[in-house]
Amino acid sequence: MNDPIFAIIEKEKQRQSEGLELIPSENYVSENVLKAMGSILTNKYSEGYPKLRYYGGNENIDQAETLAIERAKQLFHADHANVQPHSGANANEAVYFAWCKPGDTILAMSLPAGGHLTHGSPVTRSAKIYNFVGYGVTEDGDIDYDELEKLALEHQPQIILVGYSAFMKIPDFDRVAKVAAKVAEQSGHEVLLMADMAHVAGLIAGGVHPNPLEHGFHVMTSTTHKTLRGPRGGLIVSMGKVGNPLKKTERKLENIPTLIDRAVFPGTQGGPLEHVIAAKAVAFEEDLQPEFKEYAANIVKNAKALAEALKAEGFKLQGDGTDNHLILVDVKSSFGINGKLYEYALDKIGLTLNANALPTDKGAAFRPSGVRLGTPAMTTRGLGPDEMEQIAKWMKQVAEICAKAGDNKGLANYDGELDKLHKEVKDFALRFPVPGIN
Ligand SMILES: *Cc1c(COP(=O)(O)O)cnc(C)c1O
C-alpha cells in the first residue's frame, strides 16, 4: 500500500465527500458495483460472445455477460443488447460502422445545439469517415423539427440520430420516425433510426422519459455511468432478429442486432472488459428495482426545483427550464461573466460543474457563455428540493463575486469570501454521505 496511487485515491474520496457534484454526466455507484468492478474477472480474456468465444475457460464469464445482456434487454424492452462497448463513444462508432460505408451521410444534432462530440465533430475519427449533417434547435430550445425534416429530405441520410449532451426537452421520437419513413420512401434505402440516450438512459429505465425503442427507433446507445449509475462504459440495445454474430449478415434493418454485434467485436474492439460487464449487470439489476423509479422521478423533481430557484436568483436558463436532469445557464446575459471563470470560481467553493457553450455562442468554445449542471449525483446522495434552493443561493453569491472580479486574477482578491463559502459547502456536503465511501 506504499504506492502513492492509494494516497491519491484517498484524497479523491475526500474531494468527492466534501464537494457537491453538479456535473450532469456524473454519478456515484453502489458498493456492489465497485465490488464487481474491482474483481478478478479482469484477469480473463473472452473475445467473442457468450458460448462463442475464442478462448477457453469462459464458463463463468459467459454467465455474467448473459445476465448483463438479459437485464439490459428487460430494462429497455429491447430484442437485443450488446454490453461490450468500452464507452459511449465506442458504442456510437460501432453503430455507425454496423450500418454505414465510408462517405455515407448521418444526420445528427450539431454540437453547438447540444449534440455530442461523437455526433460528427470534425476532430473525431467518425467525422473523417462519414459525412455528418447537423440540425439545430429553435429559440425556445426544442429540436428544430422543420429543419431536421428539410435536411433529411435534402441529404437522404443512412442514419438519423437523436441524441444530446445539453438539451433540456423531451424529443418527439414519433415525429422523427415519420421523417425517416419519408426519406426511405423517397430514396429507396432503409434509414436507421438511432437514439444516443447516454444522458437520459436512467430516466428511461426509471419510466420518467419515453423509450425511443417504443417509438419506432431501431437502436439506442448509451453510457452506463451517467443516470444509469453503473460503471464507466457503453451499451447498445436494439430491435430486430438476433443471429449468429460470427457469421456474415445481410445489411438489412431487421438484422441490426447481429450487425451491431459484429461491429463491436471484431469490428471496433478486442477483448471485452468482463469485470466492468459484471458491474454493468449489478447496476442494471439495481435499475430494475422499484426504488430506481423513485430515484429517476426525484432527479427530474430536483432539476425542476433547481431551475426555478436559479431563475428566482436572477439566472437566465436556456429553454427557460428543464424537462430532464439538465440545466444550461446563460451566465453571460445573467451576470455578464463567462462560463470558464464561473466554473473555476465555483470549483474553489466545492461546487463542481462545467462551462458549456450556448447554441447562440459563435466559435466561443474557449469562452463559453454558459455552464451546464444537473441533478443525478446530488439526488443519489439524497438531496431534495430544499437543498436545491441552497445551491442556487451559493451560485448567485459566486456569480456576483465573479462579476466584481472580472477574471481569474481578479478573483484572488476575493479568496476570503470564497473560503468562507467553501467551508459552508463542505459542512453541508458532509451531511450527505457518498455511497461506497466510509
Ligand atoms: C457522454 C456521452 C457520450 C460519450 O460517452 P463516453 O463514455 O464519454 O465515451 C456519447 N454520447 C452522448 C450523448 C453523451 O452524453
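Start by selecting Glu308, which is partly exposed at a relative accessible area of 48%. The model on screen is predicted.

**Stop 1: helix α11**

Keep Glu308 selected and add Lys311. The two side chains meet in a salt bridge, with 3.5 Å from N to O. Both residues sit in helix α11, which covers residues 290–312, and because they are three residues apart there, about one helical turn separates them. Lys311 is also partly exposed, with a relative accessible area of 27%.

**Stop 2: helix α3**

Which residue forms a salt bridge with Lys73? Select Glu70 to see the partner: the closest N and O atoms of this pair are 3.3 Å apart. Helix α3 runs over residues 59–76, and Lys73 and Glu70 are three residues apart in it, so about one helical turn lies between them. Colour the pair by accessibility: Lys73 has 22% relative accessibility and counts as partly exposed, and Glu70, at 41%, counts as partly exposed too.

**Stop 3: a loop**

Go next to Lys241 and Glu254. They form a salt bridge in which the closest N and O atoms are 3.1 Å apart. Both lie in the loop between β10 (234–238) and α9 (256–268), so the pair ties together parts that are 13 residues apart in sequence. Glu254 is partly exposed, and its relative accessible area is 36%.

**Stop 4: a network**

Select Arg53, Asp62, Glu65 and Glu274 together. A network of salt bridges links these four residues. Side chains of opposite charge can pair when their charged atoms come close. How many salt bridges does the structure hold? The total is 23.

**Stop 5: the ligand**

Now centre the view on the ligand and show the residues around it. There are 14 of them, and those that come nearest are Gly88, Ala89, Asp196, His199 and Lys226. Three contacts can be picked out one by one:

- Gly88: a polar backbone atom of this residue is 2.9 Å from an oxygen atom of the ligand.
- Ser165: an N or O atom in its side chain is 2.9 Å from an oxygen atom of the ligand.
- Asp196: an N or O atom in its side chain is 2.6 Å from a nitrogen atom of the ligand.

On its own the ligand has 380 Å² of accessible area, and the protein covers 84% of that. Which helix gives the largest share of the shell around the ligand? Select residues 88–99 to show helix α4, which supplies three residues, the largest share. By type, the shell is made up of nine polar, three nonpolar and two charged residues.

**Stop 6: a nonpolar patch**

Move to Ile5, Phe6, Ile8 and Ile9 and switch on the surface. These residues make a nonpolar surface patch of about 350 Å². Phe6 belongs to helix α1, which spans residues 4–18. Its relative accessible area is 36%, so Phe6 is partly exposed.

**Stop 7: Phe265**

Finish with Phe265, in helix α9. Is Phe265 buried or exposed? Phe265 has a relative accessible area of 6%, which means that it is buried, as the cut-off for buried is under 20%. For a last view, add Lys178 and draw a line between the two C-alpha atoms. Phe265 and Lys178 are 87 residues apart in sequence, and the C-alpha to C-alpha distance is 32 Å.

Conventions:
Residues are numbered from 1 along each chain as its sequence is written. This is a predicted model: local features need pLDDT of at least 70, side-chain atom pairs count only at pLDDT 80 or more; totals for chains, interfaces and linings use all residues. Side-chain values use heavy atoms; hydrogens and water are left out. Helices (H or I, at least four residues) and strands (E, at least two) are DSSP runs, numbered from the N terminus. Buried means under 20% relative accessible area, exposed over 50%, partly exposed in between (1.4 Å probe, protein chains only). A residue is near a molecule or strand if one of its heavy atoms lies within 4 Å of it. A polar contact is a pair of N or O atoms within 3.5 Å; within protein, one must be able to donate a hydrogen and the other to accept it, and residues adjacent in sequence count only if both atoms are side-chain atoms. Accessible areas come from the Shrake-Rupley method with a 1.4 Å probe; for residues, only the protein chains shown count as cover. Ala, Val, Leu, Ile, Met, Phe, Trp, Tyr, Cys and Pro count as nonpolar, Asp, Glu, Lys and Arg as charged, and the others, Gly among them, as polar. Patches are made of residues with over 30% relative accessible area and no salt bridge: like charges are joined within 9 Å, nonpolar side chains (Val, Leu, Ile, Met, Phe, Trp, Tyr) within 5 Å.
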